[in-house]
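Here is a short tour of one protein chain, written to be read with the structure open beside you. Take a moment to turn the view around, and then follow along.

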Amino acid sequence: MNYNVDENGYYGEFGGAFIPEMMYPNVKELKDNYIKILNDPDFIDEFRSLLKHYVGRPSPLYFAKRLSAYYNTKIFLKREDLNHTGAHKINNTVGQILIAKRLGKTRIIAETGAGQHGVATATVCALMGLKCIVYMGEVDIARQEPNVLRMKMLGAEVVPVLSGNRTLKDATNEAIRDWISNPIDTHYIIGSVVGPHPYPDLVARLQSVISEEMKYQVKEVSGKENPDYVVACVGGGSNAIGSFFHYLNDEDVKLVAVEAAGKGVLTGETAATMVAGRPGIIHGSRTMLMQDADGQITEPYSISAGLDYPGIGPVHSFLHKVNRVIFGNVTDDEALEAAFLLTRFEGIVPALESAHALAYLGKIKFREDDVVVVTVSGRGDKDMSTYIKYMDLKDSANNE
Ligand SMILES: *Cc1c(COP(=O)(O)O)cnc(C)c1O
């Protein structure tokens, strides 16, 4: 089975580049150059060096002893939460800023919902001394103040988007408009394995460092050649495909992607695209998509801002279709419980997104000697107010 993108940007029936004609030259320039740059020894040296000395890679693969005892199996955590800026997103932005420089770009644009990708982009722009403009819906700006302040401190210009629902989708449209108007000096950094070809493939390759490290770390820490399971959460799907990438052809490794069910997949308040969606076009590619009968994209819902996306990367739609990856989902409440479980057992506060992957551990029947790798995509500092609210709620319920 071939899991790679084809030369037209397709994974089976999914992917492609459905873009306005005006955007074609920008995308073509990237498409014609990205593989060449990724394989250039100079690029490889600079990327590897920054991953090591700036991001802090390799991230540890940690044996979670008390959590393992609880689930009666062997659980290892891939600690992307320990990266600089606190999540896996920096792997991608470091790679893309180096590509932008090699394409002679001096101006970087990005869109952000929760602000995590905006912060990761503003960070590498400060690092490289490039101008940074981040489009963000007005509603999201109000909801995500700490990240907005961080971006500003890093020197980015945060542009409020007032159109539509004033959230992520509208910010994306604004970023696309900007790119069309500034095709020569500007690179658009997309934050997940979404968007028109070549973005899904480019971001997957940059994030594949996660499973590249797992390959030798699993041997080191577990003694087994391969893990039995690799589990990761999916919003757009970049930490998941990064975690799966080098195991795709090892068919004995079970790959598990966990979506956000929100309040439940049948409630209408969900972000579980594989259950609630059908093929459609979003953000320039054909993929599974939550939409109404007329094909209009519907509002997703999840307690976790990073998983609150109505589509999913086209590679995941394909891996789902050919049954290479098992897709599951967990609700807001299950994710919250799992975040507290990890915190109390291991002293690690995970991001709410990562807590979805952790919660799914309770839904798989493991054997005692299974080696289970879970990617902790980010740390939970940003989710503290949500966690504390939940804790207070539970405490008051217990006192009644
Ligand atoms: C953004 C984010 C995600 C979701 O994005 P993917 O592209 O699906 O990985 C997951 N975890 C954290 C911590 C994030 O910030």
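## Helices and ring pairs

Helix 4 is mostly covered, with 11 of its 14 residues buried. Please keep in mind as you look that this is a predicted model. The helix spans residues 89-102 and reaches 21 Å from its first C-alpha to its last, close to the 20 Å expected at 1.5 Å a residue. Which residues of helix 4 are buried? They are Ile90, Asn91, Asn92, Thr93, Val94, Gly95, Gln96, Ile97, Leu98, Ile99 and Ala100. Just after helix 4 comes glycine 104, which takes a positive phi of about 75°.

Now move along to another pair of helices. Helix 14 (residues 332-346) packs against helix 16 (residues 384-398) at an angle of about 95°, and their axes are 11 Å apart. Angles of 65 to 115 degrees count as roughly perpendicular, and helix 14 and helix 16 are therefore roughly perpendicular to each other. Which residues meet there? Helix 14 brings Asp333, Leu336, Glu337, Ala339, Phe340 and Arg344, while helix 16 brings Thr386, Tyr387, Tyr390, Met391 and Lys394. By class, this contact of helix 14 with helix 16 has six nonpolar, one polar and four charged residues.

Next, the aromatic rings. Searching the whole structure gives 10 aromatic pairs, and two of them are set out here.

| Pair | Centre to centre | Angle between planes | Class |
|---|---|---|---|
| Tyrosine 70 and phenylalanine 345 | 5.3 Å | 50° | tilted |
| Phenylalanine 340 and tyrosine 390 | 5.9 Å | 40° | tilted |

The pair of tyrosine 70 and phenylalanine 345 links distant parts of the chain: tyrosine 70 sits in helix 3 (residues 65-71) and phenylalanine 345 in helix 14, 275 residues apart. Are these two rings buried or exposed? Neither word fits, because the class in between runs from 20% to 50% relative accessible area. Tyrosine 70, at 49% relative accessibility, counts as partly exposed, and phenylalanine 345, at 24%, counts as partly exposed too. Ring pairs also link Tyr70, Tyr71 and Phe345 into a cluster.

The other pair in the table brings us back to the helix contact. Phenylalanine 340 lies in helix 14 and tyrosine 390 in helix 16, so this pair ties together parts that are 50 residues apart in sequence. Phenylalanine 340 and tyrosine 390 are both buried, and both also appear among the residues where helix 14 and helix 16 meet.

Notes
Residues are numbered from 1 along each chain as its sequence is written. This is a predicted model: local features need pLDDT of at least 70, side-chain atom pairs count only at pLDDT 80 or more; totals for chains, interfaces and linings use all residues. Side-chain values use heavy atoms; hydrogens and water are left out. Axes are lines fitted to C-alpha atoms, for helices over the stretch in contact, and angles run from 0 to 180 degrees between N-to-C directions. Helices (H or I, at least four residues) and strands (E, at least two) are DSSP runs, numbered from the N terminus. Angles under 35 degrees count as roughly parallel, over 145 as roughly antiparallel, 65 to 115 as roughly perpendicular and the rest as oblique. Contact means heavy atoms within 4.5 Å. Ala, Val, Leu, Ile, Met, Phe, Trp, Tyr, Cys and Pro count as nonpolar, Asp, Glu, Lys and Arg as charged, and the others, Gly among them, as polar. The expected span of a helix is 1.5 Å times one less than its number of residues. Buried means under 20% relative accessible area, exposed over 50%, partly exposed in between (1.4 Å probe, protein chains only). Rings of Phe, Tyr and Trp (its six-membered ring) pair if their centres lie within 6.5 Å; planes under 30 degrees apart count as stacked, over 60 as edge-to-face and the rest as tilted.
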